[in-house]
Amino acid sequence: MKSFALVAALAAFAIAGCDAKEAGNSVSPASQEPQVAPILTTADAKDSYTYARPQEARVANVDLDLNLDFASKRVGGTAALDVIAAPGAKQVVLDSKGLEISAVTDASGKPLKWAVGASDPEKGAPLTVALPGEGKQRIVIRYRSAPGAEALQWLTPEQTAGKKYPYLLSQGQPTLNRTWIPTQDSPGIRQTWSARITAPEPLKVVMSGERLTPEGEPAGQGRRAYRFRMDKPVAPYLIAIAAGDLAFRDLGRRTGVWTEPAMLDAAASELQDTEKMVEAAEALYGPYRWGRYDVIVLPPSFPYGGMENPTLTFLTPTFIAGDRSLVGLVAHELAHSWSGNLVTNATWADSWLNEGFTSYFENRIMEAIYGKHRASQEAALSFDEMTKALKEAKNGDSTRLHLPPSDANPDGGSSGIVYDKGAIFLRTIESIVGRERWDAYLRSYFDRHAFQPMTSALFLADLRQNLVKGDKQLEQKLMLDQWVYQPGLPSNVAMPDPAAFADVDRASSAFAKGGPPPSEFAGWTTAEKLRFLNSLPRKLPQEKLVALDRGLRLNEAGNNEVLFAWLELAVANRYDPAVPALERFLTTQGRRKFVGPLITALAGDSQWGRPIAVRIYAKARPLYHPVTAAGLDKLGLAPAK
Ligand code: BES
Ligand code: ZN
């Protein structure tokens with residue numbers, strides 16, 4: 001019964017006058033990509049982090065014409081929006097945050113009435129524009145971003161590797177793009193886009209779309225213009241830009257890497273398996289539909305490990321370990337080209353549909369390229385992360401995959417749930433139905449829903465219709481609703497390979513019982529080192545820390561994940577000899593996953609840690625991206641401005 005209602009609701013997305021084809025359950029081959037993507041209208045697809053009312057009027061395309069001004073730290077120019085209005089709609093509501101709007105006109109330049117409503121610290125403010133006509137129409141907004149726009153980080157030359165030129169990078173997910181683009185900033189409202197961006201010479205501009213002017217075009221006054229196009233409808237959080245002294249190197253037929261010249265050799269070497277990864281991903285779940293797959297290795301202040309911007313994955317340089325041991329990150333961002341970018345969570349309450357699917361897919365790519373052993377170790381680490389998240393959860397609600405509104409922070413819930421429990425759910429289905437059948441289903445799922453939004457309910461309906469197919473026994477075995485809607489861990493969970501870390505676990509308990517640190521450590525895989533460090537008791541006597549530190553040379557770890565795991569342990573135990581390494585780590589990169597937990601732990605230790613945190617944060621804060629700094633400022637470490 002339930003699935004019938006859902007399918008009916010799904011078919012009811014249509015906005016009058018919109019030429020989207022009916023969604024239903026028909027397969028939509030790549031050649032028939034909808035030009036205007038459907039909007040879901042079910043209650044669970046309503047995004048509470050947007051002011052947009054897409055059933056009345058929705059943005060279908062954005063054309064940006066912007067200048068980058070490094071002196072004032074602003075982008076400024078125009079955004080021309082193609083809007084599709086339902087009959088009788090008089091206005092369109094957009095999202096904006098801190099934008100300084102100077103005019104809004106129709107396509108011919110005739111002024112339109114507009115107003116910015118009350119501002120919310122998180123959502124920003126609604127920008128309401130009176131529509132010039134009926135049906136499909138164009139509005140043009142002249143504006144500039146505020147110097148503190150949260151999506152944008154303007155780096156001084158000193159903050160780059162080359163130290164000579166400034167740098168700009170953006171981060172849109174989840175709701176930050178409204179600080180530099182006035183549009184309907186909701187993952188369920190897909191839009192095509194184009195851009196013309198000017199920057200001072202010799203800076204290069206790259207974006208998450210097709211590059212139409214590889215060398216740029218003269219734009220006067222010592223500037224060049226770069227043009228881009230994304231002709232497939234994408235969620236607006238996926239529009240991204242970077243500008244700086246950038247060099248490029250091919251990695252394969254359709255893959256390549258951008259980075260600062262000083263970083264190019266190291267980046268290209270670490271990324272040498274990228275083309276193979278794309279091939280492995282295609283062999284699993286169907287054609288890569290975005291043309292090129294390039295990556296950009298950013299300056300170390302980039303707040304995430306990676307961001308799956310279409311055609312151009314953004315990466316932290318902290319994944320470069322010299323031995324490709326952290327390229328699971330690349331597999332992850334690449335996998336989002338299917339789970340996330342092709343089929344997209346309609347709201348952030350369903351982030352697991354992006355991140356859980358992607359973490360599962362990441363592991364399948366890793367297995368295809370590096371073998372079962374490495375993949376099963378990485379899957380076992382992910383299981384540990386989930387177990388930790390389940391244990392630490394403040395309330396059961398936050399351990400559900402489909403997050404209730406109270407826990408559906410747009411920044412995603414606990415990653416141990418959204419990423420790891422999500423992936424383990426899919427691994428559980430795989431173990432029940434068998435890999436062949438599961439892979440065939442997943443591949444067809446991406447085809448059926450390509451370029452469309454997705455909800456938990458819609459996924460379950462699709463799964464029941466196309467995989468379970470009324471098999472009552474199978475339905476019972478899968479425990480689907482429990483996995484998606486209930487807290488905790490269902491009893492049918494597929495357990496990780498018990499042999500994955502057998503040796504490491506022996507070494508870990510021997511050490512805990514008083515033995516020396518494991519002499520094999522240096523030869524272990526990164527996953528093994530992480531399992532060892534994370535399985536040690538959180539409180540250790542100083543002499544054990546000294547033994548670890550000296551025996552395993554942890555303060556000098558060149559692998560940032562290993563260094564992070566060690567520093568967490570060191571901080572929890574007030575281990576002074578790790579402070580110089582800690583200070584170096586916190587003042588040379590700004591990845592939230594690393595700096596967040598370490599600075600928070602220091603700040604929470606009023607006697608030993610807090611003074612260290614105050615001193616280091618004063619030095620580190622200028623390096624951090626606005627979203628990283630905004631989170632950490634809440635700890636009250638910086639003197640009030
Ligand atoms: N899409 C995420 C990054 C993100 C999540 C940005 C939520 C804003 C809000 C990206 O794909 C991601 O998951 N990155 C991870 C790496 C991954 C290997 C787990 C990260 O940044 O650590
Ligand atoms: Zn991800």
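Which helix or strand supplies the largest share of the shell around ligand 1? The largest share comes from α4, with three residues, where helices (H or I, at least four residues) and strands (E, at least two) are DSSP runs numbered from the N terminus. This is a predicted model, in which local features need pLDDT of at least 70 and side-chain atom pairs count only at pLDDT 80 or more, while totals for chains, interfaces and linings use all residues. Residues are numbered from 1 along each chain as its sequence is written, and side-chain values use heavy atoms, with hydrogens and water left out.

**The shell around ligand 1**
- Of the 15 residues around ligand 1 (each with a heavy atom within 4 Å of it), those that come nearest are Gln-173, Gly-305, Glu-308, Glu-333 and Tyr-419.
- At least two shell residues are supplied by each of β19 (306-307) and α4 (328-335).

**Polar contacts of ligand 1**
- Among the polar contacts (pairs of N or O atoms within 3.5 Å), a polar backbone atom of Gly-305 lies 2.6 Å from an oxygen atom of the ligand.
- A polar backbone atom of Gly-306 is 3.4 Å from a nitrogen atom of ligand 1, and a polar side-chain atom of Arg-591 is 3.5 Å from an oxygen atom of ligand 1.

**Helices α3 and α5**
- The axes (lines fitted to C-alpha atoms over the stretch in contact, with angles from 0 to 180 degrees between N-to-C directions) of α3 (residues 274-285) and α5 (residues 351-370) come within 9 Å and cross at roughly 115 degrees.
- In the contact between them (heavy atoms within 4.5 Å), residues of α3 including Met-277 and Leu-284 meet residues of α5 including Phe-361 and Ile-365.

Note on methods:
Chains are lettered from A and ligands numbered from 1 in the order in which they are written. A polar contact is a pair of N or O atoms within 3.5 Å; within protein, one must be able to donate a hydrogen and the other to accept it, and residues adjacent in sequence count only if both atoms are side-chain atoms.
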